Amino acid sequence: MEGTGAMTTGDDRPVLTTRQGHPVYDNQNQRTVGPRGPATLENYHFLEKISHFDRERIPERVVHARGVTAFGYFEAYGTYGGEPIARYTRAKLFQEAGKRTDVALRFSTVIGGRDSAETARDPRGFAIKFYTEDGNWDLVGNNLAVFFIRDAIKFPDVIHALKPDPVTFRQEPARIFDFMSQTPESMHMLVNLFSPRGIPATYRHMQGFGVNTYRWVTADGESRLVKYHWMPKAGVRGLTEEDAAAIQAHDLGHATKDLHEAIERGEYPEWELLVQMMSDDEHPELDFDPLDDTKVWPENDFPALPVGRLVLDRNVSNNFADNEQISFGTGVLVDGLDFSEDKMLIGRTFSYSDTQRYRVGPNYLQLPVNQARNADVRTNQSDGLMMYAVDGRGENPHVNYEPSISGGLREADLDGSPEVGPVINARITRQRIPRTNDYVQAGQRYCLMHQWEKDDLVKNFTANLGQCPRPIQERMVWHLLLVEDDLGLRVGQGLGISAADVSHLEPLPGQQLTEEDQRRLAGLG
Ligand code: HEM
């Protein structure tokens, strides 16, 4: 009873215990042979305390390690373009005006580690878990509408190029642009990322995009292709490099702080969900593939129409439990929402739960933040590391298999809804998609920017490419000239490279060029 933490009369604070529920009488001194030691090995409290501490870290996410989570609700409008939304999807969460669904939303940066600066030029993650009555729906998106690559097989490469050098452990523009200059489909993303949108002012001031193409399915089994967009009520604000540097000089976590404090003040951030839609086919009339995540769908032809709003009104009660362990995946869909054949989406759908079984553990879905808390969960899954919940198994708890005539669980009724999905008849192959059209939308994006955004983009490209070897600079200027003359000429000027200097470059192996690309190429000399 010598410990300074020992309970004294009149102190009504709760008593410290071990995880076994034993009161801790001395939290200051190990159990030793005499006051000077040595320690004894049966000292349960000390061993539990130190060995749990030794295991406090789990692997951080391989991407999106730094993030912040908050909770709130999604409220449906019940309509799409003035019509009942049931005409387009049978997903229950969207049906009635005013219907609310609990959500968790995790914002993140991508490349830096768990404690890295939130002022980085980097895409921002925008991942939402909807706890619906039909089970969970995860919509795992980013703040930029497109992505660097269109085939999941390239994801480890693009991330390795963006992550620190394996030798110097510094993020190196020469490695980033080495990869990007050989990857023409990245130009649209780069034009966004190196503009002020590449450093959102805070998490409250950015858009969210599902990026990949999904399907909506009606009660009759009719399907359509959709893309998701989140618009912040607070407006969209980005930072220049100078703004970001000034913030970073005194705060590495300004965006997490901003979100947390806004919610504590009762200023609940809000976004509206808009959906673009097109018929479920290959759309040969378009100059891009609707499943290509390096493209946006023109809003004049495919208007983004509102379907609901999302409000964040509660901070996490524990960062590790709610933010570090939360696990999202693109395969987590509910009835009425479906995948598409988008080659990125399919690769992502494998990757998320694979990494979470490693990062959090095989029973990660039993953790409170990941549980399908508004649906009934009854599986025949058994055991495994840290098994926590025993699923209800009907009247006979002995039956953890199916089929069975002894009770246990049965398959759900299909409710007469036919299964949907494309009929595909094609040779198994490894090929890029037709209609890659890598430059036109990047050029349109540049032309739509305000002058100060264009200037900032040119400055950022020039500063980063200035740190690259000459052949990488030349190839990037070549791409940027194909994106838009003005952009290529201005970046080239900053680097001392003219259009004539790059006119000898041949297209990359296998690269598809449109007639417009050929015309621009011919003009270089
Ligand atoms: C996180 C893989 C593309 C958005 C992750 C994680 C992996 C991953 C392994 C870590 C997950 C975890 O530890 O829980 C991939 C692969 C991709 C891909 C293989 C391409 C094939 C994308 C795209 C987007 C995106 C296109 C945006 C639409 C996110 C977000 C997170 C994330 C927001 C963080 C989720 C969270 O907050 O926990 N991704 N990703 N990813 N990814 Fe991707």
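These are my notebook entries on a predicted model of one protein.

**Entry 1: the whole chain**

I started with the overall counts. The protein has 525 residues, and 36% of them are buried. I listed 14 helices and 12 strands. Along the principal axes, the C-alpha atoms fill a box of roughly 85 × 65 × 45 Å. Then I looked at contacts between residues at least 6 apart in sequence. Of these, 71% join residues at least 24 apart.

**Entry 2: the annotated domain**

I looked up the UniProt record next. An unreviewed entry there places the feature "domain: Catalase core" at residues 17-410. I checked the secondary structure over that range. It came out as 20% helix and 20% strand. The C-alpha atoms at the two ends of the range are 44 Å apart.

**Entry 3: around the ligand**

Which residues are closest to the ligand? I found Arg 61, His 64, Gly 125, Ala 152 and Val 211. The whole shell counts 28 residues. Four elements give two or more residues to this shell: strands E4 (100-109), E5 (124-132) and E6 (135-142), and helix H8 (343-359). The largest share comes from H8, with 8 residues. I also sorted the shell by residue type. It holds 12 nonpolar, 11 polar and 5 charged residues.

**Entry 4: His 64**

His 64 was among the closest residues to the ligand, and I went back to it. His 64 sits in the loop between H1 and strand E1 (67-76). Its phi is near 60 degrees, a positive value in a residue other than glycine. Is His 64 buried or exposed? It counts as buried, because 22 C-beta neighbours lie inside 10 Å and the cut-off for buried is 20 or more.

**Entry 5: the E5 and E6 hairpin**

Two of the strands that line the ligand shell, E5 and E6, also pair with each other. They run antiparallel and are joined by 8 bridges. They form a hairpin, with 2 residues between the strands. I noted one bridge by name: Thr 132 has Gly 135 in E6 as its partner. I then checked burial in E6. There, 7 of the 8 residues are buried, so the strand is largely enclosed by the rest of the structure.

**Entry 6: Gly 210**

I moved to Gly 210. It is in the loop between strand E7 (208-209) and strand E8 (214-217). Gly 210 is buried, because 24 other C-beta atoms lie within 10 Å. Which residues does Gly 210 contact, leaving aside neighbours within four places in sequence? I found Leu 139, Gly 141, Lys 227 and Tyr 228. I also took one distance. Gly 210 and Leu 144 are 66 residues apart along the chain, and their C-alpha atoms are separated by 9.2 Å.

**Entry 7: the largest nonpolar core**

I looked for the largest nonpolar core, which has 90 residues. Val 191, Val 477 and Val 483 touch the most other members. Helix H11 (residues 470-483) gives the most to this core, with 8 residues. I followed up Val 477. Not counting residues up to four places away in sequence, Val 477 touches Gly 488, Val 491, Gly 492, Leu 495, Ile 497 and Val 502.

**Entry 8: two exposed residues**

I wanted some exposed positions too. Glu 83 lies in strand E3 (residues 83-84). It counts as exposed because it has 10 C-beta neighbours inside 10 Å, and the limit for exposed is 12 or fewer. I took a distance from Glu 83 to Leu 286. They are 203 residues apart along the chain, with C-alpha atoms separated by 26 Å.

Asp 383 came next. It is found in the loop between H8 and H9. Its phi is positive, about 60 degrees, although Asp 383 is not a glycine. Is Asp 383 buried or exposed? It is exposed, because 8 other C-beta atoms lie within 10 Å.

**Entry 9: cis peptide bonds**

Last, I looked up cis bonds. The peptide bond from Gly 37 to Pro 38 is cis, with omega near 5 degrees. Pro 38 lies in the segment before helix H1 (44-54). The peptide bond from Glu 402 to Pro 403 is also cis, with omega near 10 degrees. Pro 403 lies in the loop between H8 and helix H9 (440-448).

Notes
Residues are numbered from 1 along each chain as its sequence is written. This is a predicted model: local features need pLDDT of at least 70, side-chain atom pairs count only at pLDDT 80 or more; totals for chains, interfaces and linings use all residues. A residue is near a molecule or strand if its C-beta atom, placed from the backbone, lies within 6 Å of it. Ala, Val, Leu, Ile, Met, Phe, Trp, Tyr, Cys and Pro count as nonpolar, Asp, Glu, Lys and Arg as charged, and the others, Gly among them, as polar. A nonpolar core is a set of buried Ala, Val, Leu, Ile, Met, Phe, Trp, Tyr and Cys residues joined through C-beta atoms within 7 Å. Two residues are in contact if their C-beta atoms, placed from the backbone, lie within 7 Å. UniProt positions are given in the numbering used here, feature names are shortened, and annotations may be inferred rather than shown by experiment. Two strands pair if DSSP finds at least two bridges between them.
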